[in-house]
Amino acid sequence: MVKRVMAAAAAAMMTVTCLAGCGGGKQAKDADEKIKIFSGYLGNMTVGDDNSPIYKTLHEKLGIEIEPMSSNTNSNDAATKLNVLLASGEVPDIFVSSGVDINNRQYTQWIKEGIVLPLSDYSKDYPNIDNKLKQFDDLKALEEGKHYFLPIYSYEGNNETVGSSCTWIRKDWLKKLNLEMPKTTEDFIKVATAFAQNDPDGNGQNDTTGYSFSKVYGFPYDLFDTRYNRFKKVDGKWEPEIVSDNMKEALKAFQKMYNSGAVDREFVIGPSCEDKFISGKAGMIGGKGMWYDDMYEKFKAAYPDKNPEDMFCIMDDITNTSGYVRGNGQDNYYLMTAVSGVSSEAKQKKSMKLLDYLLSDEGLKLMRYGVEGVDYEEKDGKITRTVPNDEKTGRQKKMAAVDSVAALKSLVTWDSLFMYDDEPFKERRLEYSKHAIERDSKFPNPLRYLKLDEEKISNVKKKELETYFFETATNMIINNEDIDSGFEKMKQEWYKRGGTAYVEEINAKAKEAGL
Amino acid sequence: MKRSLGEKAFNVFNIIFLAICALIMIYPFYFVVIRSVMPYQELVQSKLTLWPKSFTFESYKAILGYKYITSGFLVTVMLVVCGVPLTLAGNLMFAYGLTKRDLPGRAFINAFITIPMFVGGGLIPGYLLIKNLGLINSWLSIILPAFMSTYYLVVSRSFFESIPTELEESAMLDGASYLTIFIRIVIPLSLPIITTIALFSAVNRWNGWYNAMLYLNDKNKWPLALVLRDILINNNTSDMAADNRDSMFMMEENLKMATVVVSIVPILIIYPFIQKYFTKGMMLGAVKS
């Protein structure tokens with residue numbers, strides 16, 4: 001017995017020793033040379049010991065070596081890990097974060113502590129970075145007058161504001177109920193009500209809803225010319241739209257639609273809208289035109305004997321209650337890339353060089369198509385990809401699936417309009433996306449770049465005000481309370497709870513900025 | 001023995017009540033299993049079906065063919081196989097030592113191990129420690145922090161204290177050392193607590209993802225729980241299809257359900273075999289005469 005136990009103990013010790021060998025021996029040796037990159041979007045990127053032609057090309061062209069520091073694809077996990085790394089003093093040479101969209105205190109602290117490099121101070125030597133920062137010049141107002149973060153742009157071009165949303169509608173239901181495609185807010189309510197009450201699926205049951213959305217924020221407030229997170233200039237003063245008369249009208253319509261079933265009564269619990277749309281429980285949902293192929297394939301799989309194109313389509317733009325189509329302009333970037341301010345000068349230069357290259361046409365082509373002669377052939381300017389097909393789709397694999405290093409593209413762009421030639425519905429998806437960009441780019445948030453004083457109105461307080469508003473509004477809608485009187489009470493309370501300071505601060509900062 | 005009508009009615013009520021409770025417990029798992037093999041066409045109908053019209057095992061095929069699930073599974077098995085014996089060896093020996101009244105500094109050691117139970121070291125110092133030990137991106141960063149546990153120590157110490165000291169004294173009279181007593185007397189008498197700690201430790205290691213998320217940069221080294229979290233929380237089935245979201249979408253729901261089944265089944269299989277010891281261990285550790 002004793003021998004057996006001793007043998008087991010010895011085996012355990014050997015296991016521990018073997019596992020210790022799994023530690024980063026080689027890493028430690030090369031650690032000083034390699035550019036450490038932290039991003040939650042590197043997927044399964046592996047470098048160094050694999051046969052990545054892209055990595056070899058990068059190494060030859062830029063003379064750099066890379067060490068990915070994370071495979072986290074969950075933004076919360078990535079943020080947690082980044083915070084731990086920075087707090088531990090282990091600042092990655094290049095890292096992706098929410099940048100100026102985290103909260104004033106945190107990124108201002110990073111700037112103060114020198115954790116992030118002022119990119120605009122060095123960008124004259126890196127023309128592609130310089131150009132990109134100029135496109136987002138307004139961001140400097142939030143970053144102490146300099147650019148510390150490189151926005152990871154969504155769409156090519158010079159737009160600072162873009163959009164991507166659309167509304168999917170059941171075409172077959174419109175046809176069955178003999179309804180026209182809605183063009184105005186009034187039409188929209190009429191169609192939604194008909195979808196809820198006139199048995200569009202013909203199953204004899206009252207089990208459908210008109211428009212499904214998740215949480216109270218998802219209601220289409222734009223159709224009533226209002227948004228909960230915007231301000232409107234009225235008689236020279238910026239007024240919050242969240243407590244505007246238009247919002248009151250929107251909530252009244254919301255309540256009416258809730259009572260008739262025209263909007264999803266489960267909105268509070270956050271239903272799976274897409275499932276409801278495909279399974280024939282909802283007639284309209286929000287979405288993105290770029291994902292038309294995805295929706296098409298889902299319908300095809302759910303209804304193999306039907307043509308998906310006869311079943312759904314994108315709804316036309318709706319003219320709102322003020323008589324125009326109101327878009328919802330969004331920033332043409334998501335997340336931001338920073339270069340460590342505490343790395344050695346040599347590493348900072350290499351990091352800048354890498355980002356500059358990725359932003360160049362040549363770099364983008366490398367990330368999209370890989371290496372010429374290996375992943376594609378080019379003749380007379382025409383690119384013919386030679387990568388293998390994906391077994392399931394029968395189409396050629398995307399670059400990141402062929403060479404994981406192509407994921408480096410996500411340090412500078414999401415390249416959201418780019419598609420390979422063999423991608424399904426390419427032209428149509430492009431058309432939908434471009435339309436959304438054109439529509440929404442006309443509606444930027446004019447106060448987007450005001451840096452508010454945290455002491456006067458903090459992000460937490462702003463969130464509290466929004467939460468108060470929506471909780472009260474939801475209760476009024478669900479309990480069928482009178483909106484007219486309830487809204488006035490709620491408005492007064494909103495101002496009392498901090499809204500007054502918020503509006504004052506917005507107006508003071510807008511005045512300073514000449515808005 | 002003849003039972004009265006009241007007793008019979010009480011029994012019938014009990015049976016019905018417990019059957020309903022059992023059903024409530026079993027149904028979610030049954031739901032998950034059924035949804036994992038239900039074809040997409042039926043799945044999107046969103047009906048609560050007790051039995052699907054047809055079955056598909058595509059999701060299981062996809063999961064078992066997904067390299068991160070396979071590697072994650074192997075990593076987790078390795079973590080359990082290596083980690084549990086280490087945890088047992090460390091905690092049991094330490095706890096046994098603490099039962100000896102003549103152990104020098106016993107009160108100090110007791111306080112030393114109890115304080116971290118209430119006041120932890122914190123995330124950043126923990127990360128710095130692992131980093132300075134050179135264990136970032138090494139499996140040891142997952143194994144070692146869970147090596148010792150105050151909870152296991154306290155439970156096993158209480159258990160050892162319940163073993164009659166006369167047994168040890170008689171062994172000592174026969175010339176046995178502390179090690180011999182521990183191995184030949186204490187261990188064989190402590191199967192319930194050993195099984196309990198082994199099970200706790202195994203389940204913790206099987207389900208653990210947080211440390212792996214912090215310390216392991218290479219996805220190939222991720223344990224199963226983190227891979228599953230990646231799939232379930234992030235809805236990240238795209239990576240599974242090697243960046244071809246459209247080829248996998250139809251199985252997203254099946255995939256999620258199937259991943260849950262795959263992760264639960266191994267632990268579920270172990271439970272019945274050690275349940276006897278497990279219950280006993282919990283009870284014995286709880287009361288000290």
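Which residue stands opposite Ile37(A) in S3(A)? In this predicted model, the residue opposite Ile37(A) is Ile94(A).

## Basis of the description

The model is predicted, with local features needing pLDDT of at least 70 and side-chain atom pairs counting only at pLDDT 80 or more, while totals for chains, interfaces and linings use all residues. Residues are numbered from 1 along each chain as its sequence is written, chains are lettered from A and ligands numbered from 1 in the order in which they are written, and side-chain values use heavy atoms, without hydrogens and water.

## The sheet of chain A

Five strands (DSSP runs of E, at least two residues, numbered from the N terminus) form an open sheet in the order S2-S1-S3-S13-S4 (chain A), with mixed pairing. Strands S2 (66–68) and S4 (150–153) of chain A are at the edges with a single partner strand each, so one side of each has no neighbour in the sheet. From one strand to the next, the twist averages 25° (axes are lines fitted to C-alpha atoms, for helices over the stretch in contact, and angles run from 0 to 180 degrees between N-to-C directions).

Strands S1 (residues 35–38) and S3 (residues 94–97) of chain A pair in the parallel sense over two bridges; pairing requires at least two bridges found by DSSP. Helix H14 (residues 345–359) of chain A (helices are DSSP runs of H or I, at least four residues) packs on the sheet, touching S1, S2, S3, S4 and strand S13 (333–339) of chain A, where contact means heavy atoms within 4.5 Å. The direction of H14 makes about 150° with that of S13(A).
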